[in-house]
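Q: Please take a close look at one part of this structure and set it in the context of the whole chain.

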Amino acid sequence: GNPIRIRDIGSFVFAQIENPKSGLTENIERRQKRLLRRQRRRRVRRLADARDLFQEQFHLDFFAVLAGEKQHMSPFDLKKKGLTERLTPEELIIALYHYLKYRGYKSNRKIDGGDESDKKILSGISSIRNQIEARRKNGESLYITQYLVEQMAARPKEEQRIHNTSSDFFLTVSRDMYLEEINALLDRQISYGVVDQQFKNKF
């Protein structure tokens, strides 16, 4: 008449099954693989939609443009140029396609106790943003690609790469930095009559 605990409700308790190589449980491994498949599917769809948009707007063979990419400046230099000068349709396609492939880090959430790479990414984003804002306060009209091109040029030739490494998070760019630049670049190209507001909205 005075129960103090449940002794048995017929439950089965299984030990967690871990992959001996990765040290991760099976459900975490499944989740990570599913996430990678989803990200790849979305990326493929996003790039295909962009190619359709370019075809609709410019009536150019996208793959022919891509094949001749080496005849143009690098995507970084084209982005930088597009902020102040008129781009040809081919140049604009190369610049915009590059934005879609390298879109920056979207999440800026604070990661307490996260791994070292998370901390380096957040620190890098914060450092770049602070430097750009400080120079803007001094009257410079500075966007993220202009800053990155400038920083790469200041590095030794063997370190003038466009990707991060595990020890050097150089291109720690947040998504909102690129969105700000894309808006400025497309507004400039609209002013030159290369594209219109409808194209910008679709992109």
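The request and the reply to it follow.

Q: Which parts of the chain does the salt bridge of Glu56 with Lys202 tie together, and what lies around helix H1 and the loop before helix H8?

A: The model is predicted. Its chain has eight helices and zero strands, and of its 203 residues 32% count as buried. Among contacts between residues at least 6 apart in sequence, 62% join residues at least 24 apart. The chain exposes about 14,000 Å², with carbon and sulfur atoms supplying 49% of that area.

The salt bridge between Glu56 and Lys202 has its closest N and O atoms 2.7 Å apart. Because Glu56 lies in helix H1 and Lys202 in helix H8, the pair ties together parts that are 146 residues apart in sequence. Both residues are partly exposed: Glu56 has a relative accessible area of 48%, and Lys202 has a value of 44%.

Helix H1 covers residues 26-58. Lys33 is found in this helix and counts as exposed, because its relative accessibility is 52%, over the 50% cut-off. Lys33 also belongs to a positive surface patch, whose other members include Arg30, Arg34, Arg37, Arg41, Arg103 and Lys106. After H1 comes a loop that leads to helix H2 (62-67), and His59 lies in this loop. The phi angle of His59 is near 55 degrees, a positive value in a residue other than glycine. His59 is exposed, at 63% relative accessibility.

On the other side of the pairing, Val194 sits in the loop between helix H7 (175-191) and helix H8 (197-202). Val194 counts as buried, because its relative accessibility of 11% falls under the 20% cut-off. Leaving aside neighbours within four places in sequence, Val194 is in contact with Gln57, Phe58, Arg86, Leu87, Leu92 and Gln189. Two of these partners, Gln57 and Phe58, fall within the residue range of helix H1. The C-alpha atoms of Val194 and Pro89 are 7.1 Å apart in space, although the two residues are 105 apart in sequence.

Helix H4 (residues 89-101) holds Ala95, which is buried with a relative accessible area of 0%. Beyond four places in sequence, Ala95 is in contact with Leu78 and Lys79. Pro75 is 20 residues from Ala95 in sequence, with 5.1 Å between their C-alpha atoms.

Helix H7 takes part in another salt bridge: the side chains of Asp176 and Arg129 meet at 3.1 Å, N to O. This pair links distant parts of the chain, with Asp176 in helix H7 and Arg129 in helix H5 (residues 116-137), 47 residues apart. Asp176 is partly exposed at 39% relative accessibility, and Arg129 is partly exposed at 24%.

A further salt bridge joins Glu140 and Arg135, with the closest N and O atoms 3.0 Å apart. Salt bridges that share partners join Arg135, Glu140 and Glu150 into one network. The whole structure has eight salt bridges.

Gln146 lies in helix H6 (residues 144-153) and is buried, with a relative accessible area of 13%. Apart from neighbours within four places in sequence, Gln146 is in contact with Lys80, Leu83, Ser141 and Glu181.

Notes. Residues numbered from 1 in each chain as written. Predicted model: local features only at pLDDT ≥ 70, side-chain atom pairs only at ≥ 80, totals over all residues. Heavy atoms only, no water. Helix = DSSP H or I, 4+ residues; strand = E, 2+ residues; numbered from the N terminus. Buried < 20%, exposed > 50% of the residue type's maximum accessible area, 1.4 Å probe, protein only. Contact = heavy atoms within 4.5 Å. Areas by Shrake-Rupley, 256 points an atom, 1.4 Å probe, with all protein chains shown as cover. Patch = residues over 30% accessible without salt bridge, like charges linked within 9 Å, V, L, I, M, F, W, Y side chains within 5 Å. Salt bridge = Lys/Arg side-chain N within 4 Å of Asp/Glu carboxyl O. Lys, Arg positive; Asp, Glu negative; His and termini not counted. Charge placed at Lys NZ, Arg CZ, Asp CG, Glu CD.
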